[in-house]
Amino acid sequence: MRVALFLTCVNDTLYPDTGRAVVKLLTRLGVEVDFPMAQTCCGQAHYNTGYRHEAEPLARQFSDVFRDYEAIVVPSGSCAAMVRELYPRLGERARAEGRGDALAEQLAPVVPKTYELTEFLVDVLGVTDVGAYYPHTVTYHPTCHGLRSLRLGDRPRQLLSAVRGLELVELPGAEECCGFGGTFAVKNSDVSAAMGADKVRNAASTGADVLCAADNSCLMHIGGTMARLGTSARPARAVHIAEILASTEEEALA
Amino acid sequence: MTGTFVGMPAFPSAARKALSNETLRGNLRYATHTIRAKRAGAVSELDDWAALREAGREIKDQALRHLDRYLLQMEEAVTAAGGVVHWAADADEANRIVTGLVKATGESDVVKVKSMATQEIGLNEALEAEGIHAYETDLAELIVQLGKDRPSHILVPAIHRNRGEIRDIFTREMSEWGRPAPEGLSDTPAQLAEAARLHLREKFLRAKVGISGANFMVAETGTLVVFESEGNGRMCLTLPETLISVVGIEKLVPTWRDMEVFLQTLPRSSTAERMNPYTSMWTGTRDDDGPRTFHLVLLDNGRTDTLADRVGRQALRCIRCSACLNVCPVYERAGGHAYGSVYPGPIGAILSPQLRGTASEIDASLPYASSLCGACYEVCPVAIDIPEVLVHLRERVVEGGPVVRQGAKVTLRPARGHAAERAAMRAARWAFSHPGALRAGQRLASGARRLTPRTLPGPGRAWTATRDLPALPPEPFREWWRRTRQQEAGRPAPADRGEDQQ
């Protein structure tokens with residue numbers, strides 16, 4: 001199986017550990033991973049802030065870079081949702097504006113074979129026990145795009161439950177948005193910060209060492225809030241699920 | 001907050017004010033979380049909820065597609081049943097019509113059924129200016145009116161008030177408007193309800209004119225429908241001699257049979273009840289029962305313009321259940337007043353900038369009053385894709401484009417204040433279209449990472465005021481990939497060639 005990693009621009013630039021973890025994890029599971037160097041950004045920030053014409057060239061570029069792979073794995077719920085849910089809308093919109101079917105046809109091949117990481121593990125590889133070891137108490141935040149756009153359901157929990165040494169504790173108000181929301185975090189920073197603080201308070205109430213999620217953008221907001229609230233705050237860390245799943249007894253991560 | 005919404009500040013600053021009010025935040029959090037949980041329970045009882053939701057969406061869409069035809073059918077049926085139909089293009093015209101009708105009766109007091117349409121057009125204020133007193137009879141509207149306040153929720157207009165605050169308002173204000181509150185009034189729900197009942201009863205028994213809105217209009221019979229929980233609406237609809245109903249044109253459904261769907265979805269979505277306690281339906285007039293005179297004012301006020309928008313028109317499906325408000329994390333913290341409209345929350349964020357246009361500061365800021373978490377779309381009983389419309393309206397704000405205003409096609413210019421952002425978005429798109437440029441930027445950032453400040457200037461300050469920035473890694477992923485693949489293969493890394501092929 002020829003699988004491409006679409007790491008996302010945020011992970012590439014700020015969270016390379018997540019990328020290394022995905023490579024390590026998939027390689028351990030026998031998947032041959034390629035990282036096409038011409039990849040950059042899916043265009044989600046442009047789309048969601050109202051600059052959809054700026055998102056179009058990035059969507060075309062994504063399609064050109066990834067169209068020949070059998071599967072595209074994305075360790076980000078929101079970027080995977082951009083491809084799966086919003087690329088078709090870019091195509092529909094071009095059609096409605098009288099620009100024909102060209103964009104829709106160009107984007108169509110990549111849409112169904114783009115998978116968020118946990119989806120790829122459970123649905124495509126058919127594994128829930130990835131042989132990981134992570135001796136910590138963990139609470140899981142299901143991010144909005146994973147929850148409501150991709151409908152990841154309990155896939156991430158199945159994966160976490162099979163990790164040796166890991167104690168999974170439920171997060172109160174888990175399904176409520178953490179308040180990141182891309183440019184929302186800056187445009188409505190007060191509301192965003194209040195939502196983030198509530199998320200961190202709920203996470204602290206679980207007594208977990210680690211809060212994990214499948215999207216580093218949300219974790220950047222939650223983790224940044226945790227850091228500001230002080231070192232004694234719990235959970236002490238915000239960690240991407242890929243880093244937990246990649247962790248083993250021989251080589252502990254995070 | 002009293003008076004009109006004109007000159008409202010943009011959403012972020014209005015929200016900031018609400019966030020600093022701990023009592024308000026506590027009231028809202030408690031109320032929205034309670035009703036949210038109850039609604040989820042009421043909805044889960046129905047196995048065919050998804051089918052009902054889809055049916056509701058289809059019925060409303062079908063009605064909107066042929067709205068011109070159904071409105072004429074409605075007019076014909078109302079007229080045949082002894083009612084009089086008036087057409088109002090905007091708020092001013094509607095207020096003129098209603099004021100004229102009340103004046104013609106010679107009365108100076110009217111009782112009102114809770115109605116969003118009359119709030120939208122500022123009817124109470126318009127009547128007051130002509131010396132006519134309008135008394136709200138819905139309990140929550142009464143609290144808002146007595147408190148010289150503004151509603152902050154579609155279904156629970158006084159959601160921002162707790163019991164203690166309501167007791168204080170009743171004790172202080174009721175005597176100004178009619179029967180005073182009983183001596184030693186406590187803040188128990190039963191005592192508060194009894195005080196309101198006694199106060200309102202006098203109004204019902206004296207009223208000669210009633211004013212209402214409607215949740216639905218049925219075109220085939222000319223029937224209007226009101227859903228309510230207290231029975232106060234039914235008193236207003238049946239006791240006065242003259243009844244005037246002001247209804248938005250989008251409230252129309254073609255047939256009686258269509259009501260089957262909404263009789264199930266509206267109560268469960270709004271109050272989490274299997275069926276709402278009072279469903280009143282009225283068709284024209286009868287000599288021996290109910291009002292002798294019935295007027296229906298059909299209100300446009302931006303609805304036809306909204307209908308012209310292919311994406312935005314789905315907002316007109318709204319049946320005002322307010323489920324989207326109760327699940328919205330932004331509404332929960334910012335409160336209803338921050339939205340600067342009688343329609344707060346997610347639905348308000350897409351409805352107001354369409355009905356009123358995006359020219360004002362508040363209307364241009366409303367499409368951004370959301371983290372796009374999608375909870376509103378998930379609970380909407382008529383499947384309005386609110387996040388989709390929000391993004392659509394954001395584009396209208398930042399890029400301008402063609403819209404229909406007052407029936408005429410106009411091209412909007414981009415709103416002011418977005419020039420720097422637009423330039424940044426274009427620059428980012430350019431960099432992302434050239435992987436080599438992205439790589440150069442990453443290298444530059446990694447090289448300078450020890451110099452990266454903890455707090456940022458400009459718009460970035462909004463981030464670092466409450467959150468730490470992540471530390472920049474010494475090496476972006478693509479450098480690691482290139483380096484390690486090179487070691488594995490025992491040969492030089494592939495050149496940059498191929499990266500900039502786009």
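The following exchange concerns a predicted model of two chains, A and B, and the reasons behind the terms applied to it.

Reader: Why is Ser270(B) called buried?

Author: The relative accessibility of Ser270(B) is 5%, and buried means under 20%, so Ser270(B) counts as buried. This residue is found in helix H12 (residues 259-270) of chain B. Apart from residues up to four places away in sequence, Ser270(B) touches Ile35(B), Leu155(B), Cys321(B) and Asn326(B).

Reader: What makes the pair Ser270(B) and Leu266(B) a candidate for a polar contact?

Author: A polar atom of the Ser270(B) side chain lies 2.7 Å from the backbone oxygen of Leu266(B). The distance cut-off for a polar contact is 3.5 Å, and the value of 2.7 Å falls within that limit.

Reader: Why is the pair Arg268(B) and Glu45(B) called a salt bridge?

Author: The side chains of Arg268(B) and Glu45(B) meet at 2.9 Å, N to O. A salt bridge requires such atoms within 4 Å, so the pair qualifies. The two residues belong to distant parts of the chain, 223 residues apart: Arg268(B) is in helix H12, while Glu45(B) is in the loop between helix H2 (22-44) and helix H3 (49-65) of chain B.

Reader: Are Arg268(B) and Glu45(B) to be described as buried or as partly exposed, and what makes them so?

Author: Arg268(B) has a relative accessible area of 9%, which is under 20%, so Arg268(B) is buried. Glu45(B) has 39%; that value lies between 20% and 50%, and therefore Glu45(B) is partly exposed.

Reader: How do you know that the salt bridge of Arg478(B) and Asp12(A) joins two chains?

Author: Arg478(B) lies in helix H23 (residues 477-489) of chain B and Asp12(A) in helix H1 (residues 9-14) of chain A, so the pair joins two chains. The closest N and O atoms are 2.7 Å apart, and both residues are buried. Another salt bridge pairs Glu54(A) with Arg426(B), also at 2.7 Å, N to O. The count between chain A and chain B is 13 salt bridges.

Reader: What makes Glu332(B) and Arg333(B) a salt bridge, and which network do they belong to?

Author: Their side chains meet at 3.9 Å, N to O, and the limit is 4 Å, so the pair counts as a salt bridge. Salt bridges that share partners join Glu332(B) and Arg333(B) with Glu176(A), Asp198(A), Arg201(A), Arg25(B), Arg29(B) and Arg36(B) into one network. Glu332(B) is buried, with a relative accessible area of 3%, and Arg333(B) likewise counts as buried at 3%.

Reader: How is the extent of the contact between chain A and chain B described?

Author: The contact takes 65 residues from chain A and 68 residues from chain B. The area buried between them is about 5,800 Å², of which carbon and sulfur atoms give 58%. Met37(A), Tyr51(A) and Arg228(A) supply 13% of the area that chain A buries against chain B, more than any other three residues.

Reader: Why is Leu200(B) called buried, and what does Leu200(B) touch?

Author: Leu200(B) has a relative accessible area of 4%; the threshold is under 20%, so Leu200(B) is buried. Leu200(B) is found in helix H10 (residues 189-206) of chain B. Not counting residues up to four places away in sequence, Leu200(B) touches Glu136(B), Thr137(B), Leu142(B) and Asn232(B).

Conventions
Residues numbered from 1 in each chain as written. Chains lettered and ligands numbered in written order. Predicted model: local features only at pLDDT ≥ 70, side-chain atom pairs only at ≥ 80, totals over all residues. Heavy atoms only, no water. Contact = heavy atoms within 4.5 Å. Buried area = accessible area lost by both parts, 1.4 Å probe. Helix = DSSP H or I, 4+ residues; strand = E, 2+ residues; numbered from the N terminus. Buried < 20%, exposed > 50% of the residue type's maximum accessible area, 1.4 Å probe, protein only. Polar contact = N/O pair within 3.5 Å; in protein donor to acceptor, adjacent residues only side chain to side chain.
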